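Open the model in your viewer and keep the selection panel at hand. The stops below say what to select next and what is there.

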Amino acid sequence: MKTLYFAAIAGVLGVSNAQVIQGNYTGPLRPQVHFSPPQFFMNDPNGCFLDANGTWHLYYQYNPTDIVIGNQHWGHATSKDLYHWENQPIAIFPPDNSSQVFTGSAVIDVNNTSGFFPDQDNGIVAIYTLNTPTKEIQAISFSRDGGFTFTAFEGNPVIDSTTTNFRDPKVIRFQDNWVMAVAFSTDLVIAIYTSPDLKNWTHASNFTHPDVGALFECPNLVELPVDGSDETKFALTISTNPGPNDGTVMKYIVGDFNGTHFTPDPTDDVVRVVDAIKDSYAGQYFYGVPDGEAVFIAWATNGDYASDLPTASEGWRSSQTLPRRNSLVNIPGQGWDLVSFPFDLSPVLGNQLADTASVVNDSLSVDYSNVESNAIYFEANITGLSSASSSLFNFTFSSKTSGESVSGSYQFADNTFVLDRNNTRGFDNKAFENPSRFNVSKPLDTDGALSISALIDRSIIEVFLNRGELSGTMLFYPTEPLSIFSISTEAIPQDAEVLVSVWGLESVWV
């Protein structure tokens, strides 16, 4: 550990910028399917893009010298499938000892609008906030080697300011212009800028909404496909607080964008939560994904306790959520809903532990202690319950030795889904414990059907109802690994069906 620690410091000081910080991924709390940093502290995903060779690039807020937030750099990892990640050298360093490289985004300058890439069509421009002692400013760096090493633009900052609350630029291509959404955080404003060349920016408009929250961070302006149609709609996501479960949260508003102004849908001007449970924040969409797809990843934690997580004992803190495909659906009586479901899981699916078992007024138990990753995924499909007001669906992940558990249930009487981490004892933190039980509403489909999926990965669980019409991310920290999965149902009509499949997951870090 000490050797790697000093190697990281040497890289930060510029002695060895090519150093790849190594990590130990064997700790009992270390996720095996979710991305986590090799060592030290990680927060927001940054600069996400897919290159022309099919390589996904994930940059992230990174402190390479300590286990708490601070000394922010851009860490970097690459993947061919969004699960098996290869750690790369730190990509972007602060320009001096008093500044930090905060959150931002990256684009592929195919047409060399910036002038940085006269002989190539795969130049990468990163756009980020420099946090200085007196103000936050927007700066750019460019990469001629596909996003592995960057050179700071000599004309930085590209947008100056006089405030310490101006951050997190997300840039997209819209028609013939570059468009930036950036937060004036404490003013509760998302500003939209436009540029022909990524260097010269013009303020175009401001957006705010009274129902978002008390702080604006990490905006995304994204065009999303509408399920079942050729239509698309824009969504503006904003990371903020407080959330419905206290602490930080991501919210979204659906509307239209004309190149300079975002306008909420006049028939459904509602602010909704991206992830219904507590541990997802500062998400970002990948640039360069083919038309018709929107791929998303977020920081899997909550600002109330991110710098206190017990994984420090293993030398790291924080993971990212599963990568997800996002789309929109217009649900009668509910309005626009963000559909968020895991990106193709086939690269990590292992042996099937239960094959479409029927669990009607019965129970199913799976011992997954022999699954080396200690991570599993299940899907339950429930049909024929339109009149089943007293029906109940329960699932539990538990430890044979400590008695700890994480549990969930769907109560059909009031269409309420519950996820509970109260019976785990590995993290003593008041904000984490209050609440430790999360209740959200998700009505049945009109045909009386419901699907429930969940992926549990040592210390993180992500749940999806109706294939992502409702999603939630929750951290939990047991003192012993959870290794028994059980499902039970009650008061299910005999002509209904409850079909359950369970898979073990393969570690991506072996």
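Select Arg-30 and Tyr-25: in this predicted model, Arg-30 lies over the face of Tyr-25, at 4.1 Å from the ring centre. Keep Tyr-25 and add Phe-35, Tyr-60, Tyr-62, Trp-85 and Trp-509; together with Tyr-25 they form one aromatic cluster.

Next, select Arg-173 and Trp-178. Here too a charge is placed over a ring: the charged end of Arg-173 is 4.6 Å from the centre of the Trp-178 ring.

Now turn to ring pairs, of which the structure holds 39. For one of them, select Phe-234 and Phe-257, whose ring centres are 5.5 Å apart. Their planes meet at 55°, so the pair counts as tilted, since only angles over 60 degrees would make it edge-to-face. Show the strands as well: Phe-234 belongs to S14 (residues 232-240) and Phe-257 to S15 (residues 249-257), so the pair links parts of the chain 23 residues apart. Are these two rings buried or exposed? Phe-234 has 7% relative accessibility and therefore counts as buried; Phe-257, at 8%, is buried as well. The cut-off for buried is under 20%.

Last, select strand S24, residues 363-367. In a regular strand the side chains alternate between the two faces of the sheet. On S24, Leu-364 and Val-366 make up the covered face, while Ser-363, Ser-365 and Asp-367 are on the uncovered one. Add strand S33 (residues 484-490), which runs antiparallel to S24 and is joined to it by five bridges. To see where the two strands face each other, centre on Asp-367, which stands opposite Ile-484 in S33.

Notes: Residues are numbered from 1 along each chain as its sequence is written. This is a predicted model: local features need pLDDT of at least 70, side-chain atom pairs count only at pLDDT 80 or more; totals for chains, interfaces and linings use all residues. Side-chain values use heavy atoms; hydrogens and water are left out. Buried means under 20% relative accessible area, exposed over 50%, partly exposed in between (1.4 Å probe, protein chains only). Helices (H or I, at least four residues) and strands (E, at least two) are DSSP runs, numbered from the N terminus. Two strands pair if DSSP finds at least two bridges between them. Rings of Phe, Tyr and Trp (its six-membered ring) pair if their centres lie within 6.5 Å; planes under 30 degrees apart count as stacked, over 60 as edge-to-face and the rest as tilted. A charge sits over a ring if NZ of Lys or CZ of Arg is within 6 Å of the ring centre and within 35 degrees of the ring normal.
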